[in-house]
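Let's take a walk through this model together, with the sequence and the coordinates side by side.

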Amino acid sequence: MNRVAEIMLCLVFVVCVMAAIPAWALSDIGIYPVKEEAKLDPNSRESLLNSFDKSRFDTTPIEFIVGTVKYRFPRNYLFSFPITKTTTRILRVTYPNFEPLTEKNKECFLDREYVKGKCSFIELDINGPAKFPRDDEAFKNYMRQPWIKNIKLTILPDGVKKYTYNQGDKTNEIYRYCTKQQNIFMTCDSYGNGKPVMCDNDAEPLAEGNSVSYYVHYSFMPEIVQVDKGIISLIKKFTVK
């Protein structure tokens, strides 16, 4: 066998041996490094989507009582769990469809801000009868606060009254809409950037005697009448007669 043939044979042998050795072993002796798996940013959308506990997709009916009223919601509506006599009954649903958490819609639950044509979520809390319901008297008392001055009133297309006032360098807003079926009294306060960010409707009376509070991003306000109707209908749907 000539010299060239010997060299070629040796090269073939070396290649075959290396192919049979695990990559981690070759990296230990410095032949070539092992490629590290890409690590996801824990705050990335992909990481957050993967973080949903599978038990939250469970649709088993869960019964609980608030005040003297019994409710029966599928498990995937409930954000706080387990339900006890001392825990708040916090629920989360998509908007605009008012659906519970599922594998298909879980991305909706990543965004508090609502953009027309896309989905977001609403968080609500069913409470017992309100000690201080947000009725007309509560609204009048609230508007007497010393920091609420130079109010600008705007009547929105759906009949909602929007009150705007400045508190230092911040702009705050109050929304009022009252009918036999709805009692909206939303306060939208500014945080940091001088403009409203989040709004809450605290202790809105329900027909069965309890009350509901909900907390939404400021971007929901142009559709707040529809938001409120959907919340009331949702609770009524799962109230046990």
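## The pocket and the chain around it

The largest pocket has a volume of about 270 Å³. Of the 15 residues that line the largest pocket, Q181, L206, A207, E208 and I232 are the closest to its centre. Two elements each give two or more residues to this lining: strand β9 (196-205) and helix α5 (224-237). The largest share, three residues, comes from α5. What is the chemical character of the lining, counted as nonpolar, polar and charged residues? The lining of the largest pocket divides into five nonpolar, five polar and five charged residues. As background to this kind of search, rolling a probe the size of a water molecule over the atoms shows where empty space is left.

Please keep in mind that this is a predicted model. The protein chain has five helices and ten strands. Of its 241 residues, 39% count as buried. The chain exposes about 15100 Å², and carbon and sulfur atoms supply 57% of that area. Among contacts in the chain with a separation of 6 or more, 45% are between residues 24 or more positions apart.

## The hairpin of β1 and β2

Now for a strand pair that is pleasant to trace by eye. Strand β1 covers residues 61-66, and its side chains alternate. I62, F64 and V66 point to one face and are buried, while P61, E63 and I65 point to the other face and are not buried. This fits a general pattern: in a regular strand the side chains alternate between the two faces of the sheet.

Strand β1 runs antiparallel to strand β2 (residues 69-74), and six bridges join them. At one place along the pair, V66 has V69 of β2 as its bridge partner. At another, P61 is partnered by P74 of β2. The hairpin has two residues between the strands, and G67 takes a positive phi near 65° there.

## Three residues to look up

Each residue in this table can be found quickly in the viewer, along with a second residue to pair it with.

| Residue | Relative accessible area | C-alpha partner | Separation along the chain | C-alpha distance |
|---|---|---|---|---|
| Q181 | 62% | D228 | 47 residues | 9.9 Å |
| Y215 | 34% | L124 | 91 residues | 6.6 Å |
| D111 | 28% | F121 | ten residues | 6.9 Å |

Let's begin with Q181, one of the residues closest to the centre of the largest pocket. Q181 lies in the loop between β7 (170-178) and β8 (183-190). Is Q181 buried or exposed? Q181 counts as exposed because its relative accessible area is 62%, and the cut-off for exposed is over 50%.

Y215 belongs to strand β10 (residues 211-217). With a relative accessible area of 34%, Y215 is partly exposed. Which residues does Y215 contact, leaving aside its neighbours within four places in sequence? Y215 is in contact with R112, E123, M198, C199 and D200. The C-alpha atom of Y215 is also separated by 6.6 Å from that of L124, 91 residues apart along the chain.

D111 sits in the loop between β3 (89-95) and β4 (120-127). At 28% relative accessible area, D111 is partly exposed. Its C-alpha atom and that of F121, ten residues apart along the chain, are separated by 6.9 Å.

Note on methods: Residues numbered from 1 in each chain as written. Predicted model: local features only at pLDDT ≥ 70, side-chain atom pairs only at ≥ 80, totals over all residues. Heavy atoms only, no water. 1 Å grid on protein atoms, 1.4 Å probe; cavity = no way out; pocket = protein on both sides within 12 Å on 5 of 7 lines; lining within 4 Å. Points joined across faces, edges and corners; volume = space filled by probe spheres on them. Helix = DSSP H or I, 4+ residues; strand = E, 2+ residues; numbered from the N terminus. Nonpolar A, V, L, I, M, F, W, Y, C, P; charged D, E, K, R; others polar. Buried < 20%, exposed > 50% of the residue type's maximum accessible area, 1.4 Å probe, protein only. Contact = heavy atoms within 4.5 Å. Areas by Shrake-Rupley, 256 points an atom, 1.4 Å probe, with all protein chains shown as cover. Pairing = 2+ DSSP bridges.
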